[in-house]
Structure formats: C-alpha cells, structure tokens
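Me: Please take a close look at the charged side chains of this model and at how their contacts are placed. A connected account for someone new to the structure would be welcome, with the helices and the backbone brought in afterwards.

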Amino acid sequence: MCGIVGYIGNKEAGKVLLDGIKRLEYRGYDSSGIACIENGTLRYEKAIGEVVELEHKLNTNPIIANMGIVHTRWATHGAPTVENAHPHMDCRCEIAVVHNGIIENYDYLTSYLEQRGHIFKSQTDTEVLAHLIEENLTDNLEEAVMSAVKMIEGTYGIAVISTKDPGKIVAARKGSPLIIGIGDNEYFITSDVSATLEHTRNVIYLDDLEVAIITPDNYETKTIENITSLKKIEEVLWNMDMIEKSGFQHFMLKEIHEQPQALQNLMRGRVDGGKAPIKLGGLSHCEKDLLAVKRIVVIACGTSWHAGLVGEYMLEELARIPVEVEYASEFRYRNPIIEKDTLVMAISQSGETADTLAAMREAKNKGAKVLAICNVVGSSIAREADAGIYLHIGPEIGVASTKAFTAQVAAFYLFALHILLLRHKTDPKVPEMITAINSIPGKIQKILDREEEIREMADAYKDKNHALYLGRGFNYPVALEGALKLKEISYIHAQGYPAAEMKHGPIALIDENMPVIVIATKDATYGKILNNIEEVKSRKGRVIAIATEGDEQIQGKADHVVYIPDAPAVLTPLLSVIPLQLLAYHMAVMRGCNVDKPRNLAKSVTVE
C-alpha cells in the first residue's frame, strides 16, 4: 500500500513528482506529501486527502528543485493527519523519509530514540526511520540508511534525502516493492512502474535487503552490508495508453470493458488446436514435478482467493487432482502439512500481496514447489516462485479487481488442461474445450453490449442497504466475488453464499427490502436453484437472476433477469461475473461513491 516516487535529474522535480504520484493514488489516498532540497534547504509540504490538495498548496507556494521524493498514504499507524503524512523528518529537518511497509518494533525504537533526546511529532511507525538515520548520519547518507534499516523489524520500501549529503537519493527495500527507473540523464524511484512510464520503460527491480544510491549522473546498488550488487536493466512492456482512462469515466469501467481483449492477450501464443494445444512457457522446465503432484494448495487473498476457488473446481473436474484453497493470511500462521508431492499455487494480481508472499515463503521453507499466477512482471511473487503463469493483461488501476479475476480464472483453466494433457497425452474432449475457451471473449462482449439494461436495473436497487448473492457449483465463488464487488465500492452490505446454505441462517434476513442475486444458469444444479428462488419469493424477497440465454422458465420466477450466453459449466464463471461487476459499478456511481478509490481500501496490500 501507499505510493512512493523519487526523482533526480534536470527537470523541475515538483512537476515530475506530482505527475508520478497522481498515477499511484490507487495505492493510497488518505494524505500526501513532498520533500525536495531547494538551494541547500529541505523544503516540504503535506496535505490531507487526495493529491490534488497537495497540488493546490504547491501552486500557492512552489518548490524549485531538481530532486525530491513524494508519497501518497494509506494509513496504518496514526490517523490521516498532516502530522502523520509522509515525508517524515528528523529533529533538525535535515533528513526526509518516505516509507511503505510496517515497522513492527517501532515502540522499542521510539523509546530508545527518545532516551537519546529525539523528539517525535507523529503517531506513525515511519518517523523512527528519520531519527535512526539522523542518529547514524555524519556525511554519508547511504551508510546511515544501511545502519538504520539493520535495526528494523518488519517491512520497508523507503526513499531518503538529506541536506547533509545533497545531490543524492538513497532507497532501500525489504518486503515492499521499489523500482529504479533509468532515463536520459535522470533517474526515478517508484513503488509502481506506472508512475514513470511517461519518462522511461527501462527499470531495475530492487531485491530485499538491497540499497540504491542515485545521483544525477549515475546509480549504484548494494546490499545493506555495503557489498556492491549487479542488477539487470529490464524493459517494461506496458505503455501510457494502458494507464489512461481512454474516454471511460472510471478505470474500473474501462477494465470491465477490457476483459474480452485481456483474455485474448492471456491466451495468445498459449492456445491452439495443434498437437500441443496448451503452451505454458513458464512451466516448461518443471513438467516432471507437475507429473508427480498429488495435491495442490492454493494460497491467495480477496478476489484472487475467489479465483482460486473456481480454480479448485476446475482442477478437480478436469485434472482430477485434489485441491485446497487457503486464505494466505491464515496459512502462514498455522503449521500446514506440505508433503513432497504437494504443489502450492500463489495467486496475486500485483505479485506483492504481503500475506500471499509470506505464505509462499512459508511453503517454500517446508519444501514445496510454488507456482505463481500473477500479472506484474518482475514482482516479488513472480521472482520468488519456482514457476509461473503471467496474465499479460496490462495494468489494473481500479482498486476493485475485475479483469484480473477473469484472467486468473482463465489461467486456471489453461493450467488444468495442461495438467490433463501432461498426464494423458491426448484427450478426445480437449479440442472441444479449446473451442469453448476461445469463444469466451466474444461472449463477454455480448454481455457488455447489454450494459444499459444492467444500469437500469442498478437504478432500481441503488438505495438498498443489504444484498444476498447465491450460487451453486462453479458459480458459488462468483456469488462471493459479486458480493465483494458490491460492498467494496458501493458500501452496501452484501454477502455471498452457496445457495443450499441459505436455509441454514441467511433466509432469516429475506424480506421485501432484501434483493437476492441468484446465478441460475442451465447446468446440473439448475432445478435446485429454481427451488431456492421459490423460497426467496415466498418470503417476499426480490430476485435478480443471472440466467442462460433462451431460458424462458426463469422469467416467471425472477423480478429481473440478465441473460448470458450458453457455455460449459466449467467456463460459466467467466461470463456470470460480468453482470455482477457492472451492477456493482453502476450502483456505486449512482450512490455517489468514488469507485476507483473506495474508502479505506488500496490496490496493493503490501502490509499485513
């Protein structure tokens, strides 16, 4: 969470930093702040709320400098106030620090530093870093930073400047991403490449316990033990068009509409009808290990966890391998059983989700092979996994995940077919399965073309305070995901359930004010779902049904029906989730909510 940008070069730093941090607001938007060295003096400004508030202050009182750091915050320690906003300074206002992560031993360090005469001005854990660096700084900033971070327990991605060692930015990382952008006689530090794409696509990724020392002329990377480390310059494949709204009102709506193309990008080069119909290059070196797998454990959080549940159904149905899906946040705090033939799959859009990364490391410590499904090339999870599948869907800026969910589900489908063919060489059903997945982007587009009818439906329910989502089989995880989308962007309380579980408690909530969204597609559970609808209607509940095209029977049972194209049950989640995304989006917009920046949330959860 939170966003960091640093700049040193020949441009006006204030403008470069503000433009960059605006692109990272989806990582946190409680407060923001900037610090630059201007004529040998540390200048800073802070503001509460979105970055535009900081921009207003700088328009009134500009900073003229060619280097600096800026931060947008998602609050953990301390409320969103000016005092708690980053950057944080030392006692003499000679050092400025911006920080992503959590310092777990900050209470001890605060007491230690107060005993040595340091005065604290905030309630944050971050401020201890400024004072620790002050304690160690003579005239070499990087050595002071190295000494300071050795005392830290927890996670950090930091950028530091100081008037005592001007003309230099020092960055350090442990457990929170930091990237160095390499431009033409200019350098950048950022927690997300989208902040610097306007200027450069050449980057290096800092590893844990590494430090970068950046001057106007050069950069150097070292370990915190002051040993030089050599880094490879990599090219970011994303471009500016991918991080713009392209005429849509919100990033979320843009990303909902990008799903047909996103799935085509995911499948390009991986799916064909020849002798090797599924080609997953990131798995080619571990096929013997995959053949030996007898059990799979999926670890994930939030929307990725829901995708993992669909993946469980797919893998068990198609590949006949037992699968368990675990919340990553719970997995690491018990003593999970990992046998030599257990494969662990870590699922994360950003590749930086703190709980998933920690759970993955726990699994590796227990001897498991780890396969990652993620979207961000060069991310921590991608680099630390033994093998993986990149989504290749471009950046997802909206805090509420949409295209990443469908891409993760599609990746599970390809992986299940890959395992099936590894074990059985051929299967007469595979050509039909390939045809089915290739048809999905076009079918999603058909649903998107009906957006107006879904918007009208949203208008009928936008003032409700609660909603219940029901599904069975492959569509049970979709019910969970639909409820999550509604609650996180509209602030309507919503709950997803397996439809059969309605009678075991949730049915007590149903009355004329409780909309019930039922995924009632034509599959093996269709008759049971109709019974569930009857139970809701007999208690005066209002039913929105997601149904299969051509189903006339459902018309007389539901108050509203949204039709989706027919598809095999295993692929239905890729279609049934689309109306739920659009419903949540339009209800949130009608309620006046900021769907791209929902309250209390941030895109990449890099703290526990």
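Reply: **Charged contacts and their surroundings**

In this predicted model, Lys15 and Asp19 form a salt bridge in which the closest N and O atoms are 2.8 Å apart. Both residues belong to helix H1 (residues 13–22), and because they are four residues apart, about one helical turn separates them. The two partners fall into separate classes of accessibility. Lys15, with a relative accessible area of 51%, is exposed, since the class begins over 50%. Asp19 has a relative accessibility of 24% and counts as partly exposed.

A second contact links distant stretches of the chain. Lys597 and Glu50 form a salt bridge whose closest N and O atoms are 3.6 Å apart. Lys597 is in the segment after helix H18 (573–590), whereas Glu50 is in the loop between strand E3 (41–48) and helix H2 (51–60), so the bridge ties together parts that lie 547 residues apart in sequence. Glu50 is partly exposed, its relative accessibility being 31%.

A third bridge joins Glu326 to Arg334, with 2.2 Å between the closest N and O atoms. Here the acidic partner counts as buried: Glu326 has a relative accessibility of 13%, and the cut-off for that class is under 20%. Arg334, at 40%, counts as partly exposed. Elsewhere, salt bridges with shared partners connect Arg173, Asp208, Arg361 and Glu384 into one network. The count of salt bridges in the model comes to 33, and those described above are among them.

Charged groups also meet aromatic rings. The charged end of Lys522 sits over the ring of Tyr526, at 5.1 Å from the ring centre. In a further case, the charged end of Arg599 sits over the ring of Tyr491, at 3.9 Å from its centre. As for rings that pair with one another, four aromatic pairs are counted.

Tyr491 leads from the side chains to the backbone. As a general background, most residues other than glycine have a negative phi, and most peptide bonds are trans. Tyr491 is not a glycine, yet its phi is positive, at about 65°. This tyrosine is placed in the loop between helix H16 (476–490) and strand E21 (493–498). With a relative accessible area of 28%, Tyr491 is partly exposed. The residue therefore combines a partly exposed setting with a positive phi and a ring over which the charged end of Arg599 sits.

Cys93 is another residue other than glycine with a positive phi, near 55° in its case. Cys93 is found in the loop between strand E5 (88–89) and strand E6 (95–100). Its relative accessibility is 29%, so Cys93 counts as partly exposed. On the other side of strand E5, the loop that runs between strand E4 (67–73) and E5 holds Pro87. The peptide bond joining His86 and Pro87 is cis, with an omega of about 5°.

The arrangement of the helices completes the view. Two packed helices are described by the angle between their axes and the distance between the axes. Helix H13 (residues 403–424) and helix H14 (residues 430–448) have axes that come within 12 Å and cross at roughly 165°. The two helices are therefore roughly antiparallel, a class that applies to angles over 145 degrees. The crossing of H13 past H14 is left-handed.

Helix H15 (residues 451–461) packs against H18, the axes being 8 Å apart and the angle about 50°. H15 is therefore oblique to H18, and H15 passes H18 in a right-handed crossing. H18 is also the helix after which the segment with Lys597 follows, and Lys597 is the partner of Glu50 in the salt bridge described earlier.

One last residue carries no charge on its side chain but gives a point of reference. Gly33 is located in strand E2 (residues 31–38). With a relative accessibility of 0%, Gly33 counts as buried. Between the C-alpha atoms of Gly33 and Ile256 there are 32 Å, and the two residues lie 223 residues apart along the chain.

Note on methods: Residues numbered from 1 in each chain as written. Predicted model: local features only at pLDDT ≥ 70, side-chain atom pairs only at ≥ 80, totals over all residues. Heavy atoms only, no water. Phe/Tyr/Trp six-rings, centres within 6.5 Å; stacked < 30°, edge-to-face > 60°. Lys NZ or Arg CZ within 6 Å of the ring centre and 35° of its normal. Salt bridge = Lys/Arg side-chain N within 4 Å of Asp/Glu carboxyl O. Buried < 20%, exposed > 50% of the residue type's maximum accessible area, 1.4 Å probe, protein only. Axes fitted to C-alpha atoms, helices over the stretch in contact; angles between N-to-C directions. Parallel < 35°, antiparallel > 145°, perpendicular 65-115°, else oblique. Left-handed = near helix turned anticlockwise from the far one by under 90°.
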